[in-house]
Amino acid sequence: FPGAERWVPAEATLPALREAVQTCRGCDLYRDATQAVMGSGEQDAAVMLLGEQPGDREDLAGEPFVGPAGRLLDRALADAGIDPGDTYVTNAVKHFRFAGRRGKQRIHKSPGRAHVLACQPWLDAELEAVRPRGVVILGGTAGKAVYGPAYKVGEQRGRLLEWPAGGHLARRPEWALATVHPSAVLRSRERDEMYAGFVADLRVAADVLG
Ligand code: URA
């Protein structure tokens, strides 16, 4: 894939990014998606929440985390004491990856490494525009987008991590906090226990935000 670089506007304000992302042909996912889904939230948010990719509902709505995973995330943020007004929510990959249908629902599969890499310029542009103090990394795909393919949620979750060195961000986030993806909580057979662990992880971010 050519990657998103050439579609990212030089003056990367959030409104400019939102508009430009719809033209992106940096990988092939745009073909089966309804639209690209840029992050949403406050320009001066202290914390960025990073998911995987838009799901079925997000693909149709054009907004991240508006389906079941988003509702669980909202509840967990409230339980952890993180003000949603202080967050910017986005995904490592901006297009839905269509993988077939189950009844009326369209199912997606995780983006590949090539999709994540192709989409990285959009995430970098969002990081430049928002300049969050910290980034909460939701699940394995987001973790691999930031730390590379060897990332494992189970080894990293629940503690503050350093943002990786390198890259071209003018200002790196001061910290990252790794945790599970809210969809994994929804799928889990030990849902209550996993939810409690998710909230406990988010509290580590809430504490550093003060
Ligand atoms: N799952 C994600 O990773 N992102 C969304 O926006 C919705 C569900």
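This report describes the sheet, the helices packed on it, the empty spaces, the cysteines and some backbone details of one predicted model.

**The sheet and its helices**

The sheet is open and has six strands, whose order is β1-β3-β2-β6-β8-β7, with mixed pairing. Its edges are formed by β1 (40-41) and β7 (160-161), and because each of these has a single partner strand, one side of each is left without a neighbour in the sheet. Within the sheet, strand β2, which covers residues 47-51, pairs with strand β3, residues 87-91, in the parallel sense over five bridges, and in this pairing L49 of the one strand stands opposite V89 in β3. Helix α4 (residues 113-130) packs on the sheet, where it touches β2, β3 and β6 (134-138), and its direction makes about 165° with that of β2.

A second helix, α5 (residues 139-147), lies across β2, β6, β7 and β8 (175-179), and runs at about 130° to β6. The buried residues of α5 are G139, T141, A142, G143, A145 and V146, and what covers them includes β2, α4, β6, α6 and β8. After α5 comes G148, whose phi is positive, near 95°.

**A hairpin**

Strand β4 (residues 98-102) pairs with β5 in the antiparallel sense over three bridges, and R101 stands opposite R106 in β5. The hairpin of β4 and β5 has two residues between the strands, and G103 takes a positive phi near 60° there.

**Pocket and cavity**

The largest pocket holds about 640 Å³ of space. Its lining is made of 23 residues, of which G55, A69, H108, S183 and R187 lie nearest the centre of the pocket. At least two residues of this lining are supplied by each of α2 (56-61), α3 (68-80), β5 (105-108) and α7 (182-187), so that strand β5 of the hairpin also takes part in the pocket.

As for enclosed space, a search of the whole structure finds one cavity of 30 Å³ or more, and the space in the largest cavity is about 100 Å³. This cavity is lined by 14 residues, and the closest to its centre are C24, G26, C27, H95 and C119. Helix α4 gives the largest share of the lining, four residues.

**The cysteines**

Three of the residues closest to the centre of the cavity, C24, C27 and C119, are cysteines, yet the structure holds zero disulfides. Why is C24 without a bond to C119? The sulfur of C119 is the closest cysteine sulfur to that of C24, but the two are 6.3 Å apart, which is too far for a bond. C27 is likewise in no disulfide, as the nearest cysteine sulfur, again that of C119, is 6.5 Å away. C24 counts as buried at 8% relative accessibility, and C27 is buried as well, with a relative accessible area of 13%.

**Loop residues**

Two residues that are not glycines have a positive phi, namely F65, at about 50°, and R131, at about 45°. F65 has its place in the loop between α2 and α3, whereas R131 is found in the loop between α4 and β6. A further loop residue, G158, lies between α6 (153-156) and β7. Leaving out residues up to four places away in sequence, G158 touches L177, A178, D201 and V204. The C-alpha atoms of G158 and A205 are separated by 8.8 Å, although these residues are 47 places apart along the chain.

The relative accessibility of these loop residues is set out below.

| Residue | Relative accessibility | Class |
|---|---|---|
| F65 | 10% | buried |
| R131 | 35% | partly exposed |
| G158 | 25% | partly exposed |

The buried class used in this table, as for the two cysteines above, ends at 20% relative accessible area, which is why F65 falls within the class and G158 outside it.

Conventions: Residues are numbered from 1 along each chain as its sequence is written. This is a predicted model: local features need pLDDT of at least 70, side-chain atom pairs count only at pLDDT 80 or more; totals for chains, interfaces and linings use all residues. Side-chain values use heavy atoms; hydrogens and water are left out. A disulfide is a pair of cysteine sulfur atoms within 2.5 Å. Buried means under 20% relative accessible area, exposed over 50%, partly exposed in between (1.4 Å probe, protein chains only). Two strands pair if DSSP finds at least two bridges between them. Contact means heavy atoms within 4.5 Å. Axes are lines fitted to C-alpha atoms, for helices over the stretch in contact, and angles run from 0 to 180 degrees between N-to-C directions. On a 1 Å grid over the protein atoms alone, a cavity is a set of points where a 1.4 Å probe fits but cannot get out, and a pocket is an open set with protein on both sides within 12 Å along at least five of seven lines; lining residues have an atom within 4 Å of a point. Grid points are joined across faces, edges and corners, and a volume is the space filled by probe spheres set on the points.
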